[in-house]
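Here's a quick tour of the fold in front of you, with a few spots that reward a second look. Have the viewer open as you read.

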Amino acid sequence: MCKRVIWVCTLLFIVLISTAPAYANTTLRVIASFSVMEELVKRVAGDAVSVNVIVPRGEDVHRWELTPPNVLALEETHIIFYNGLGLEPWIRHVEAMTDDQLTLVEVAAQADYTPLMIATGQYKGEPDPHMWMDPQGAAAYVDVIATTLAEHLPAHADAFYARAEEARKALTTLNQAVKERLDGIPQTNRTLVTSEAGVNYFARAYAFEAHGVWGVNAETQGSADAMAKMSAYLHETRPRPPALFYESTTSSNHMDSLARETSIPLAGPLYVDSLSGADGPAGNYPAMLRHNADVLHAALGGATAE
């Protein structure tokens, strides 16, 4: 592992020192850390910006390791939009080798949005990075993205801000649609039990109680102690949750084990850390939240849709 990281960082250094800083007469080149960030950047950027992504759809952004193609993709890149707050542990390898030619933007840290703290696991007490799981959090990301792009391409600033405003309006509409879809779930059933505690912002936005076996996927997953604590919670709590949930980028093994032990049905997947493929159920951000709402509606006893 050490040799791999050293090799990747060395290649990154070579790429960066050869990158020309001027881009006034070329397309602004941007890289997003993962698929949700990529979509939000593209929504604001328009044709004036070339947008690529580091972590492919379907992969876990927390546990990704930089690949040679990732490093090469940084050539002539001007901005990296990453979530931050510990979501991408691998970003430290990029930070160690960057200079003034490459701007790194920690979007969640700059967003005007009140963070929640991680409630369990190795990173307990640190800010929860999954702000995009609330459309209002995603809207705060859009503002950071628009401001950053406008600073780098002032001639296109009006267009960036206009698209950001359109995105905020669309997110407001999405927020209301998700709320209406979830409103029929009885209060006694509004408990979300997942493997990673990645749905806390979603839970706050839509009046659920959330519990995760572990805090974030960057830590050791499904330790004996964490599994025992969740098992005890599920056996002791009343009323019992109608379902347990697994996520698309995490093995369902731990939740399946808890489901069999407690005789509570297992449902999913929920999409949190990644969009699906374009032809999947969460091919874009609105589809992701709508899919999650549909899964919860079906598993937790929502009123029948009209």
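Helices here are DSSP runs of H or I with at least four residues, numbered from the N terminus. By that count, helix α7 covers residues 157–182, and glutamate 165 is found in it. Keep in mind that this is a predicted model. Overall, the protein has 11 helices and eight strands.

**The whole molecule**

- The radius of gyration is 20 Å, which agrees with the value near 19 Å that a compact globule of 306 residues would have.
- Along the principal axes, the C-alpha atoms fill a box of roughly 60 × 45 × 35 Å.
- Buried residues make up 50% of the 306 in the protein.
- Take the contacts between residues at least 6 apart in sequence: 65% of them join residues at least 24 apart.
- The accessible surface comes to about 13600 Å², and carbon and sulfur atoms account for 52% of that.
- As for charge, there are 21 positive and 36 negative ones, and the mean positions of the two sets are 4 Å apart.

**An enclosed helix**

- Helix α2 runs over residues 35–45, and eight of its 11 residues are buried, so the rest of the structure largely encloses it.
- Which residues of α2 are buried? They are Ser35, Val36, Met37, Glu38, Leu40, Val41, Val44 and Ala45.
- As a general point, an α-helix has 3.6 residues a turn, so residues three or four places apart point the same way.
- Just after α2 comes glycine 46, with a positive phi of about 70°.

**Two buried polar side chains**

- Asparagine 200 sits in helix α8, which spans residues 200–206.
- Is asparagine 200 buried or exposed? It's buried, because its relative accessible area is 15%, and the cut-off for buried is under 20%.
- The side chain of asparagine 200 makes a polar contact of 3.2 Å with the side chain of aspartate 128.
- Setting aside neighbours within four places in sequence, asparagine 200 is in contact with Leu116, Asp128 and Ala210.
- Over in helix α6 (residues 135–152) you'll find histidine 152, which is also a buried residue, with a relative accessible area of 17%.
- Histidine 152 has a side-chain polar contact of 3.3 Å with threonine 103.
- A polar atom of the histidine 152 side chain also lies 3.0 Å from the backbone oxygen of threonine 148.

**Backbone oddities**

- Most residues other than glycine have a negative phi, and most peptide bonds are trans. The next few spots are worth checking with that in mind.
- Leucine 85 has a positive phi, near 55°, without being a glycine. Look for leucine 85 in the loop between β3 (79–82) and α4 (91–95); it counts as partly exposed, with a relative accessible area of 25%.
- Alanine 207 is another non-glycine residue with a positive phi, about 60°. Alanine 207 is in the loop between α8 and β6 (209–214), and at 47% relative accessibility it is partly exposed.
- The peptide bond from arginine 238 to proline 239 is cis, with omega near -5°. Proline 239 belongs to the loop between α9 (224–236) and β7 (244–247).
- A cis peptide bond also leads from glycine 268 to proline 269, with omega near 5°. Proline 269 is in strand β8, residues 266–270.

**Far along the chain, and the distance in space**

- Back in α7, glutamate 165 counts as partly exposed at 33% relative accessibility. How many residues apart in sequence are glutamate 165 and alanine 139? They are 26 residues apart in sequence, and 9.1 Å apart in space from C-alpha to C-alpha.
- Threonine 27 lies in the loop between α1 (2–17) and β1 (28–32), and it is partly exposed, with a relative accessible area of 37%.
- The C-alpha atoms of threonine 27 and leucine 153 are separated by 9.6 Å, while their positions lie 126 residues apart along the chain, counted as the separation in sequence.
- Not counting residues up to four places away in sequence, threonine 27 touches Ala48, Val49, Ser50 and His78.

Methods
Residues are numbered from 1 along each chain as its sequence is written. This is a predicted model: local features need pLDDT of at least 70, side-chain atom pairs count only at pLDDT 80 or more; totals for chains, interfaces and linings use all residues. Side-chain values use heavy atoms; hydrogens and water are left out. Helices (H or I, at least four residues) and strands (E, at least two) are DSSP runs, numbered from the N terminus. The radius of gyration is taken over C-alpha atoms; the globule rule is 2.2 Å times the number of residues to the power 0.38. Buried means under 20% relative accessible area, exposed over 50%, partly exposed in between (1.4 Å probe, protein chains only). Contact means heavy atoms within 4.5 Å. Accessible areas come from the Shrake-Rupley method with a 1.4 Å probe; for residues, only the protein chains shown count as cover. Lys and Arg count as positive and Asp and Glu as negative; His and the chain ends are not counted. The place of a charge is taken as NZ of Lys, CZ of Arg, CG of Asp or CD of Glu. A polar contact is a pair of N or O atoms within 3.5 Å; within protein, one must be able to donate a hydrogen and the other to accept it, and residues adjacent in sequence count only if both atoms are side-chain atoms.
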